[in-house]
Amino acid sequence: MKKFNIRKVLDGLTATSSSSSAAAQPGAPRENDAVQETLQSEHFQLCKTVRHGFPYQPSSMAFDPVQKILAVGTQTGALRLFGRAGVECYCQHESGAAVIQLQFLINEGALVSALADDSIHLWNLRQKIPAILHSLKFNRERITYCHLPFQSKWLYIGTERGNIHIVNVESFTLSGYVIMWNKAIELSTKTHPGPVVHISDNPMDEGKLLIGFECGVVVLWDLKSKKADYRYNYDEAIHSVAWHHEGKQFVCSHSDGTLTTWNVRAPAKPAQIITPHGKQPKDGKKPEPCKPILKVEYKTTRAGDPFMVLSGGLSYDTLGRRACLTVMHGKSTAVLEMDYPIVDFLTLCETPYPNDFQEPYAVVVLLEKDLVVIDLGQIGYPIFETPYPLTIHESPVTCCEYFADCPAELIPALYSIGSRQKRQGYSKKEWPISGGNWGQGTQSYPEIIITGHADGSIKFWDASALMLQVLYKLKTAKVFERARSKEEKPSTDIVEEDPFAIQTLSWCPESRMLCVAGVSAHVIVYRFSKQEITTEVVQLLEVRMQSEFSEVDSPDPGGEQTPTLPTPGAPPSPQETEVPTQPSTGNSSSDGPRDNIPCLQVRSSPLKQSPGYQVELVIQLVWVSGEPPQQITSLAINSSYGLVVFGNSNGLAVVDYLQKTLLLNMGTSELYSPSDPYQRQPRSPRKARQPSGALCDSNDGSNTSEDRCKSPTSGSTSPCNSDDERKQKFIEKVKFKSRRFSKTVANDFAKMSRKISSTSEQKPDLEERSQRWRSLTCKTHFYCMNKGKAADRMSQKADVCRTKSAPDSYAKDNSFTRSRSSSVTSIERESREAISSFHFCESYPRKTDSVVGPGVLVGTTQGSVMMVALSLPPGGDQRQQQPVGISSCGTLVRLKGGILTMAMLDSTGTLLPPSYEPWYDPNASDEEKEKSRRRRPASPPSSQEGQDSQFAVLCSEKQAKVVAMPSQTCIYKHNITETSFVLRADVVQMAGANFIACFCANGHIMTLSLPSLRPLLDVNYLPLTDMRIARTFCFSNLGQALYLTSPTEIQRITYSQETCDNLQEMLSELFTPVETPEAPNRGFFKGLFGGGAQSLDREDLFGETTAGKASRSLAQHIPGPGSMEGMKGAASGVVGELARARVALDERGQKLGELEERTAAMMASAESFSKHAHDMMLKYKDKKWYQL
């Protein structure tokens, strides 16, 4: 029976109303109704798939030595589980409290987590998506330490008050047996001993429990007699305790950097006191105190000396030294420096039994931002090569792109190049964390993720089959000269930190062309080659992009400042309130102290370029009249045309990277034709767009997460935004100098000023714009630039003054860095119209065209979509010599909000991707190049008279439109959101059909059909909490999407119903049936004289019959969603019940089989004993006692 879903019914009703209203628009041709749309709401469902990367803010760790699974808990309540390469799992505690400790039920497929909110949880790891079976919340006591002995179901819990409670992990109920702190210490100390910092049982006697209190007291407690056997006192606080496997000695680590070794039966004083990093005085005095030793582990070997591993304990005179792990083995002491502070470490041993020789083989070290595994079996203690993608955050991620269903040969090509970049010196042994099994997924299409980073590096990742593996790393900073010190730092920098940070990138998978834009207003074009080359001189093109408002032609000397100065008593520029970091020439037409200077210096020495991506061309925007260049907001590359196009708040530039020339450098206002109904007039101030300026998170007080959630171009502004504060101060000085205006008053005032100024400025501005347009278009239809004169001619066109650049709010981690320029008011800056997106296409540039031609769609932050036509010379040698022609065709359509994405469909609704040139190796021989190079794909068929043969799909922050081409009539329109705004939109493909996928700032993920724009999915998934999500969220084909959920982790999601249905098969398995190793042989004499391990019937001791019931008010039991109670409530029909019954039967059958084998062995043993007894009886039957 089909499930009834009310949401999908409502979606259908909404779709019917919206599509009918869209179709009813005038000018919509009826033949468009013939486009068959196959996608329905049933094809969509949203769910998380997998999380990659290093666990953000780790706090604890545990390892199952039999299953070979590692668990890591974090300060945000997350749980990450790792097995072999490709086996990863993510879970989350609902409370979000920090995980303070983890304990595996070894080889049982279960895990206990203790949280900072004094709750403990039992996780079932036998299912692909782990779930909580039971929870226990303590009400009166705070949890400080937990201990679960091997093969025991009784969990010891130490508290802040110094008491120890015992929990049955099967039922998650408290035992009535409690060890009170006053009973444990009695009169050994006069004050409270502090929290419990350690609990462990004697490896040789389960009935003896070792309890460590923070003050320095250690108690050996006899569980049966309920009293302390011995008490060990030391003056310094204890941090950790470790047993020798024979149970006769234990070691304590202390806050003064000492290690004390105690004999169990000699509590009077330590058998040994050492300070591993203390300087030993010659006069026999105590060594100088050191930093606390936070943890120590004591592991024995059969063949040699024991290992003692410890963290901390360095001397205080090593200030500034990095965190260290110390490995003491015999007489040698190795100090291993770590890149980050140590959170925890674990020694991996061959046996899970604490009473056997441990045979340690590796140490897992959990650092604040890395995971390191050290090989103890090789000289020098090399580290293992980590198979997990834990280096995403090696440098903060500043941008992200996702490509599903790439060309099949791409991943092998990138892997073969990237494998040469790997470090040497790793351990030769296999990765020791090797548990779990891969999923049996059916997805086989190649997926690639590209991440851009703050240090200028770009990483390519293989993301196929829900895994993630780094393929290749490109360092873009190699192109530039590096300042060796702060003194040498060029004064032309526009960002104080990370001048090479990647802002945006454009990649063509088919041609392998890559184009990246950085925060220092630079663009680098790369080609992919398998051969190494040395570039003697890096090709450089400098571009002078200026403001679109001319000082010479403007009717008012203030230019666009006129709307901001409606009253005579206008305040000074913010330049006077903010300290400028460099001299500014303001609106002066004469060149300032810095003119025609780029922000970064390209290296002058020869550049050795390894196989992989190699620099083809560097484009740099230069300073103009003492003002720095605006950062690049949009970028696109097309290999078929050989063009790169980029834009910012000043305008756009088109560069021919084959001829290395600048073809077009045009202000945004010049793109509008004089008769254009959408031509821009001075506008009320709007919130400045921060496209890639806010690259990393900024938690500065002047830019809170609430501010960043506002629309970059909407009129609603936040009163606590840094730009808005400046605007309010400005208005305050104009009108009331002593009183702060509210947001609404400020907006009304801005609107009023616009009306006042527009009446006097509108007419001259229109004339000036018409005059400029005529001068641009009447002289020649195309902008044809020759190679040598291109840059000069473009920089001299329209000698315009430059205004203040938008503040660069790029910040590394939580720092906040601003642009150095400060010459114009924020109101003027906010009204700037920037280029927000590009799309290369083969379409009809004008309404009158009947033949398609190459062109570029240009979208702006004010919602205008313009078409720029291209005229390309023939291929071959002529392409290298003849110039490319360009002409602007005016505005195509206007939408609400900034343009985010654009695409072209043919008359059947099929996507028309930009044309491309197949990849060829630029350093190969000419014959090989000609074999691989082909003409660009044939153009689509030309339009018949009176018919539209293409659809332009346009999506902005507020709405989506489908426009018929070449008639340029809007046939479908859909308002995506009224109260919020779209952060990311992509035209993607799934199930053989195209649609628009949108992510809104209010957390909604939506999909719209094409071309009718019917809503297919609308799910409230994730509210925008910080700029990182907005910056990195991206959709891809086949229902895939991702975003950076933390500075170190990528979260992948799917919105495909098919993928959600197959997710269980695709996910990896954590638990695999493994035989528990045999217990160590006690030996004949130890068994005879009682020297072996002493077992304890804990059930008899802690059970309700003996210990009684615990106080109900002490802790509250909460059944988890993964328990049988929860499973019954969340059962999804008969199939789920049958599956659970089958699992239960399998487990029961397995246990019965084991029982049968044991019974058979016992029967064989009894039969053998009976036979021997009978033989003995026959032998001595007739003998007298004296004959024996």
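**Strands, rings and cores**

Author: Strand β30 (residues 447-453) runs antiparallel to β31, and 5 bridges join the two. This is a predicted model, where local features need pLDDT of at least 70 and side-chain atom pairs count only at pLDDT 80 or more, while totals for chains, interfaces and linings use all residues. Residues are numbered from 1 along each chain as its sequence is written, and side-chain values use heavy atoms, with hydrogens and water left out.

Reader: Thanks! What makes β30 and β31 a pair of strands?

Author: Strands are DSSP runs of E, at least two residues long, and helices are runs of H or I of at least four, both numbered from the N terminus. Two strands pair if DSSP finds at least two bridges between them; β30 and β31 have 5, so they pair. Isoleucine 448, for one, has aspartate 462 in β31 as its bridge partner. On to β32 (residues 469-475): this strand pairs with β31 in the antiparallel sense over 6 bridges, and aspartate 462 meets glutamine 469 there.

Reader: Why is β31 called mostly covered?

Author: Buried means under 20% relative accessible area, exposed over 50%, and partly exposed in between, using a 1.4 Å probe and protein chains only. In β31 (residues 457-462), 6 of 6 residues are buried. Both faces are covered: Ser457, Lys459 and Trp461 on one side, Ile458, Phe460 and Asp462 on the other.

Reader: Now the rings. Why is the pair of tyrosine 641 and phenylalanine 840 called edge-to-face?

Author: Rings of Phe, Tyr and Trp (its six-membered ring) pair if their centres lie within 6.5 Å; planes under 30 degrees apart count as stacked, over 60 as edge-to-face and the rest as tilted. The structure holds 24 such aromatic pairs. Tyrosine 641 and phenylalanine 840 sit 5.8 Å centre to centre with 65° between the planes, so edge-to-face is the right name. The partners are 199 residues apart in the chain, with phenylalanine 840 in strand β44 (residues 835-843).

Reader: How do you know whether tyrosine 641 is buried or exposed?

Author: Tyrosine 641 has a relative accessible area of 1%, so it is buried. Phenylalanine 840, at 4%, counts as buried too.

Reader: What makes lysine 295 a charge over a ring?

Author: The rule asks for NZ of Lys or CZ of Arg within 6 Å of the ring centre and within 35 degrees of the ring normal. The charged end of lysine 295 sits over the ring of phenylalanine 345, 5.2 Å from its centre. Likewise, arginine 512 places its charged end over tryptophan 919, 4.1 Å from the ring centre.
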